[in-house]
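Welcome, and thanks for opening the viewer. Please load the structure, colour it by chain, and follow the stops below in order.

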Amino acid sequence: MTADGPDVLDVPPPAAAPRRRTARGERGRERYPAVLMTLAALGVLVIVAPLAGLVARAPWGSLVELLSAPGNRQALWLSVFCSVTTAVVCVLLGVPLAWVVQRTRLPGRRVLHALTTLPVVLPPIVGGVALLLAFGREGLLGGFLEDTFGIRLAFTTPGVILAQTFVSLPFLVLAISGALQSRDRHLEEAARTMGAGPWRVFWRVTLPLIRPSLIAGAVLAWARALGEFGATITFAGNFPGRTQTMPLAVYMALETDPDAAVALSLVLVAVSLAVLIGMRRRWTGAL
Amino acid sequence: MTLSAHVVVDRGTFTLDASLRAESGDTVAVIGPNGAGKTTLLRALAGLLPLTGGHLVLGGHTLDRPGTGEFVRPEERPVGVVFQDLRLFPHLTALDNVAFALRCRGRKRKDARAAATAWLARLGLADKARSRPRHLSGGQAQRVALARALAPSPRLLLLDEPLSALDTSLRADVRHDLAGALAAFDGVRLIITHDPTEALTLADHLVILENGRVIQTGTPMEITARPRSEYVARFVGANLLRGHADGDHITLTGGLRLATAHPTSGDAYALIRPQAVSLHLDPPHGSPRNVWQGRIRDLSLTGHTARVTVEAKPSIVAEITPAAIGELGLSPGTPVWMSVKATDITTYPA
């Protein structure tokens, strides 16, 4: 119900009047449970205090200089490149995966779903070890890939992307899977009765309808990739310019150059915050 | 072009087993209570639900025959569907919704858009071509859905409760438009409905489905004249009583004996139009021989008449003028006498 003139007449006055009063006049008299308020305040403190610390200790004067130092610039660039590539790879692999789980009757698709979401709860370090055992030189597939195609993944930039994809993919699969599940198949069925084959149904109907979830899922996957540390350092190592992403650079700089660590951290915080805010706009403006 | 179908769909707890036959130009209305299998039938004809038995042949082409393993996928059937909830694509404009159907059938983009524009214009929606479905009124959305189903020139058009999503006030108009659009379509039309007006005005053949079985078929006139189940009787707005006839009398299941001017014998139905039932506060005297007593259960006004449900043996619906309600002082619980002339009781073998 909108609030413009004519529509207001439709609202029965007795129902509209008291609601307005609770929203404005009586607010001061409302009581909130002290326990909830205290715990909520503590929650805010846990999140805000570290951020405040970062901002307070930030070397504002030398920020630009620190960030443009060659090593840091490399880490920044590598992080951006790897996380964006990871997000794209996640979309390319995750959407079909979620589709198979939700739209086919293949046996074992439930198990598949459980498996793809496993990395969410798995410690990233364990993921890194597992990746080494699969794609390392001595691993299940690593030797074969290197001998046959000359592809080396462990301790390379593609390895960073693989590690990040491993931990980020579940976020996208969960987002798409949820969107497909909540959308009934009525429109897809309608498309079929109009002569659309399975691919056209997916491309012209399913995909446009889940677009908001696709964007949200891709952003989540990207954010997870940007912050990835454990699996990356285990599987891809910590080589500046090749596999040393921002989080790894922050960790290294803590020992040698705390100011640079704070500066890099600030950039990560700023970027994450910007994306979160942008996404909220996106969602409120979505279909 | 003939539709010949024996649709058998076994869904465990429910089995649909219905035969249908229709020619090009026929409009068949499938009527039945909720859960009768109407939607299952529509889905089977569209190919969204495979048959488990029987066959489905349209214009000489087998679309589904489990016995031989033949099955034509829904996207390859010359069938257009207007769903009850319309199912317009929310992300496409009215024009693109219609063009989508044409593109699917292999038309080039430009060609498809031109044809879609023509279809929308034909249904009076030229100015709504660029609107998204959520900006269309119920009646407009309904016409877009119809254009979308008709544009690729299907051989079989399926309409699922085509007017149920509309306000009652709009239905008469849209029904008129629908009748016009259907008249121009030369394939087989099949309408699923539970609205008597829709069925009786749009269709030339009725199929009554109950519990997954066809219990009666015929022209609207045949069905109205001789309904063969309580559901159909209610559908056409008549009282249907069951009993045993011996010549010009019928003894109802409840024991009441009625005189009829249509002699028959054996198990029989007695059909009484609500308008033929007279209500009295005192036992009536004079010509009517069929008189029994009961109490009013319910009163409702429909248009210029009042329908009165009387709890009795047998219970019956009477149609009287709203003025008569006031004159007789009728309200739920009022004891009344009912009388029906023998000439107003139609009997026919069950």
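How many bridges pair strand 14 of chain B with strand 18 of chain B, and in which sense do the two run? Keep that in mind as you make the first selection, and remember throughout that this is a predicted model.

**Stop 1: a sheet of five strands in chain B**

Select residues 278-280 of chain B, which are strand 14, and residues 335-340 of chain B, which are strand 18. The two strands pair over three bridges, in the antiparallel sense. To find one matched position, click on S278(B): standing opposite, in strand 18 of chain B, is S339(B).

Now widen the selection to the whole sheet. Five strands of chain B make up this open sheet, and reading across, the order is 14-18-15-16-17. The pairing is antiparallel. At the edges you will find strand 14 and strand 17 (316-320) of chain B, each of which pairs on one side only. Turn the view to look across the strands: on average, and ignoring direction, neighbours in this sheet are turned by 45° against each other.

A general point is handy here: strands of a sheet pair through backbone hydrogen bonds, either parallel or antiparallel.

**Stop 2: a sheet of three strands in chain B**

Next, select residues 239-252 of chain B for strand 12, residues 257-272 for strand 13, and residues 345-349 for strand 19. These three strands form an open sheet in the order 12-13-19, with antiparallel pairing. Which strands stand at the edges? They are strand 12 and strand 19 of chain B; each has a single partner strand, so one side of each is left without a neighbour in the sheet. The twist in this sheet averages 45° from one strand to the next.

Zoom in on strand 13 and strand 19 of chain B, which run antiparallel and are joined by five bridges. One pair to label is I272(B) with its bridge partner in strand 19, I345(B).

**Stop 3: a hairpin in chain B**

Move to residues 205-210 of chain B, strand 10, and residues 213-218 of chain B, strand 11. Five bridges pair them in the antiparallel sense. Label V207(B) and you can trace across to T217(B), its bridge partner in strand 11 of chain B. Then look at the turn: this hairpin has two residues between the strands, and N211(B) takes a positive phi near 50°.

**Stop 4: two helices of chain B side by side**

Select helix 2 of chain B, residues 94-104, together with helix 4 of chain B, residues 138-150. Their axes come within 8 Å and cross at roughly 20°. That makes the two helices roughly parallel to each other, and the crossing is right-handed. Show side chains for A94(B), N97(B), V98(B) and A101(B) on helix 2 and for V144(B), A147(B) and R148(B) on helix 4, which make the contact. By class, these residues are five nonpolar, one polar and one charged.

**Stop 5: where the chains meet**

Keep helix 2 of chain B selected and bring chain A into view. The contact between the chains takes 17 residues from chain B and 15 residues from chain A. On the chain B side, the elements giving two or more residues are strand 7 (79-82) and helix 2. The largest share, three residues, comes from helix 2 of chain B. Colour that side by class and you will see eleven nonpolar, one polar and five charged residues.

**Stop 6: the helices of chain A**

Hide chain B. What remains has 15 helices and zero strands. Of the 287 residues of chain A, 33% count as buried.

Select helix 5 (residues 70-103) and helix 12 (residues 211-227) of chain A, whose axes come within 8 Å and cross at roughly 135°. The two are therefore oblique to each other, in a right-handed crossing. Among the residues making the contact are S79(A), C82(A) and V95(A) of helix 5 and L214(A), W222(A) and L226(A) of helix 12. The full set divides into twelve nonpolar, three polar and no charged residues.

**Last stop: one leucine**

Finish at L42(A), in helix 3 (residues 34-57) of chain A. Is L42(A) buried or exposed? L42(A) is exposed, because 9 other C-beta atoms lie within 10 Å, and 12 or fewer count as exposed. For a parting view, draw a distance from its C-alpha atom to that of T156(A): the two residues are 114 apart along the chain and their C-alpha atoms are separated by 42 Å.

How values were computed: Residues numbered from 1 in each chain as written. Chains lettered and ligands numbered in written order. Predicted model: local features only at pLDDT ≥ 70, side-chain atom pairs only at ≥ 80, totals over all residues. Axes fitted to C-alpha atoms, helices over the stretch in contact; angles between N-to-C directions. Helix = DSSP H or I, 4+ residues; strand = E, 2+ residues; numbered from the N terminus. Parallel < 35°, antiparallel > 145°, perpendicular 65-115°, else oblique. Left-handed = near helix turned anticlockwise from the far one by under 90°. Contact = placed C-beta atoms within 7 Å. Nonpolar A, V, L, I, M, F, W, Y, C, P; charged D, E, K, R; others polar. Pairing = 2+ DSSP bridges. Buried ≥ 20, exposed ≤ 12 C-beta atoms within 10 Å, placed from the backbone.
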